[in-house]
Amino acid sequence: MRKLGVIGIGNVGVTVAYTLVSQGIVDELVMIDTNDKKVLAEKLDFEDAMPRLPYHTKIKIQDYAALSDADVVITAFGDIEASIKTGNRFAEFKINSKNAVEVGTKLKEVGFKGVLINISNPCDAITTILQRETGLPKERVFGTGTFLDTARMQHVVGDYLNQDSRNVDGFVLGEHGNSQFTAWSTVRVNNKPLAEVISLDEIASLDGKPSEGAWIVASGKGYTSYAIATCGVRLAQAVMSDAKLFAPASVYVEEFGTYLGYPAIIGANGVEKVVPLELTAEEVEKLNESVAYIKEHVEQLG
């Protein structure tokens, strides 16, 4: 039986849950939130949809013990308004660090031994706290990280070149936040290096657009949901099907001593391998700066 939990049933968490139910990805779903009325309402709404769906999903709510044998738990708690108002995902750090301690402690108490995928911001820092509090091996705890930011880059480059975004490969690295950067040396379109397709000036003109698009969505809707939920579900599917998916995520990189957005192989055991990149000197410098920024904030916790 495929069993998954979602902790935090806000705009992102409920989109994750709806995707799982409507696409028949899980057999049993456990939803947990601090708002009892909200999580009950979502459960009943999903169950009302069941007679018209080609799949059936058993749904439980507000029961951490039910997560003891879950394959995957996705955490999506947070206060998105704080990030939007400040333009900085670390604005959620104070509240989400407390949430992460509470959630991680409860998961440890019920004996959860599956794979934990974090969406909550600031993603890399909160993933770090969740790993510490659950006591799970680092490879079994990871975050969506720059998986979404890389998709945004693919979208921007694809649009600029009138190509399907899936024809664009490459990575956005570092923090899922303001210190992230596109490693343009890794970007290829139809298997050609981007620098052979367009000029360096054109590449420079695209540099900030993935992040700009993210804030346009957040300021227009008041939150983001579909893209990040899709990323979380895709990573969960990679774990549940042992897909060996090659993708950037917030993974623990021993070389840097922290979680950060970096390419890895995602399978049944979580992060099965971190895949080293050959970067330019400028990109290495940017990566080190992003690592330092993440560590600086995490170390505030002691």
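Guide: A helix here is a DSSP run of H or I with at least four residues, numbered from the N terminus. The model under discussion is predicted.

Visitor: Which helix holds both Glu102 and Lys106?
Guide: The side chains of Glu102 and Lys106 meet in a salt bridge, at 3.1 Å from N to O. The two residues are four apart, about one turn of the helix. The helix, which spans residues 93–109, is α4.

Visitor: Is Glu102 buried, partly exposed or exposed?
Guide: The buried class ends under 20% relative accessible area and the exposed class begins over 50%. Glu102 has a relative accessible area of 42%, and its partner Lys106 has 30%. Because the value for Glu102 falls between the two cut-offs, the class of Glu102 is partly exposed.

Visitor: What is the mean pLDDT of helix α3?
Guide: The chain averages a pLDDT of 95, and 96% of the residues score at least 70. Strand β5 (residues 115–118) has the highest mean among the elements, 99. Where pLDDT is low, the predicted coordinates should not be read in detail. Helix α3 (residues 80–86) has the lowest mean of the elements, at 62.

Visitor: How many salt bridges does a search of the whole structure find?
Guide: One of them joins the side chains of Arg166 and Asp164 at 2.8 Å, N to O. In that pair Arg166 is exposed at 68% relative accessibility, whereas Asp164 is partly exposed at 34%. For the whole structure, the number of salt bridges found is 12.

Visitor: Which residue forms a salt bridge with Glu28?
Guide: The bridge spans 3.4 Å, N to O, and links distant parts of the chain, 25 residues apart. Glu28 belongs to strand β2 (residues 28–32), and its partner belongs to strand β1 (residues 3–7). That partner is Lys3.

Visitor: Is Lys3 buried or exposed?
Guide: A residue counts as buried under 20% relative accessible area. Glu28 meets this cut-off at 5%. Lys3 has 7% relative accessibility, so Lys3 likewise is buried.

Visitor: Which residues are linked with Lys3 and Glu28 in a network of salt bridges?
Guide: The contact between Lys3 and Glu28 is itself a salt bridge. The network brings in one further lysine and one aspartate. These are Lys60 and Asp69.

Visitor: Which strands are the edge strands of the open sheet of three strands?
Guide: The order of this sheet is β7-β8-β9, with antiparallel pairing. An edge strand pairs on one side only. This applies to residues 168–173 and 192–193, which are strands β7 and β9.

Visitor: Which residue in β9 is the bridge partner of Arg188?
Guide: Strand β8 (residues 181–189) runs antiparallel to β9, and two bridges join them. The bridge partner of Arg188 in β9 is Pro193.

Visitor: At about what angle to β7 does helix α6 run?
Guide: Helix α6 covers residues 147–161 and lies across β7 and β8. Helix α10 (residues 281–298) also packs on the sheet, touching β7 and β8, and its direction makes about 135° with that of β8. For α6 relative to β7, the angle is about 135°.

Visitor: Which residue in β12 is the bridge partner of Ile265?
Guide: Strands β11 (residues 258–267) and β12 (residues 270–274) pair in the antiparallel sense over four bridges. They form a hairpin with two residues between them. In β12, the bridge partner of Ile265 is Lys273.

Note on methods. Residues are numbered from 1 along each chain as its sequence is written. This is a predicted model: local features need pLDDT of at least 70, side-chain atom pairs count only at pLDDT 80 or more; totals for chains, interfaces and linings use all residues. Side-chain values use heavy atoms; hydrogens and water are left out. Two strands pair if DSSP finds at least two bridges between them. pLDDT is the predictor's confidence in each residue, from 0 to 100. A salt bridge is a side-chain nitrogen of Lys or Arg within 4 Å of a carboxyl oxygen of Asp or Glu. Buried means under 20% relative accessible area, exposed over 50%, partly exposed in between (1.4 Å probe, protein chains only). Contact means heavy atoms within 4.5 Å. Axes are lines fitted to C-alpha atoms, for helices over the stretch in contact, and angles run from 0 to 180 degrees between N-to-C directions.
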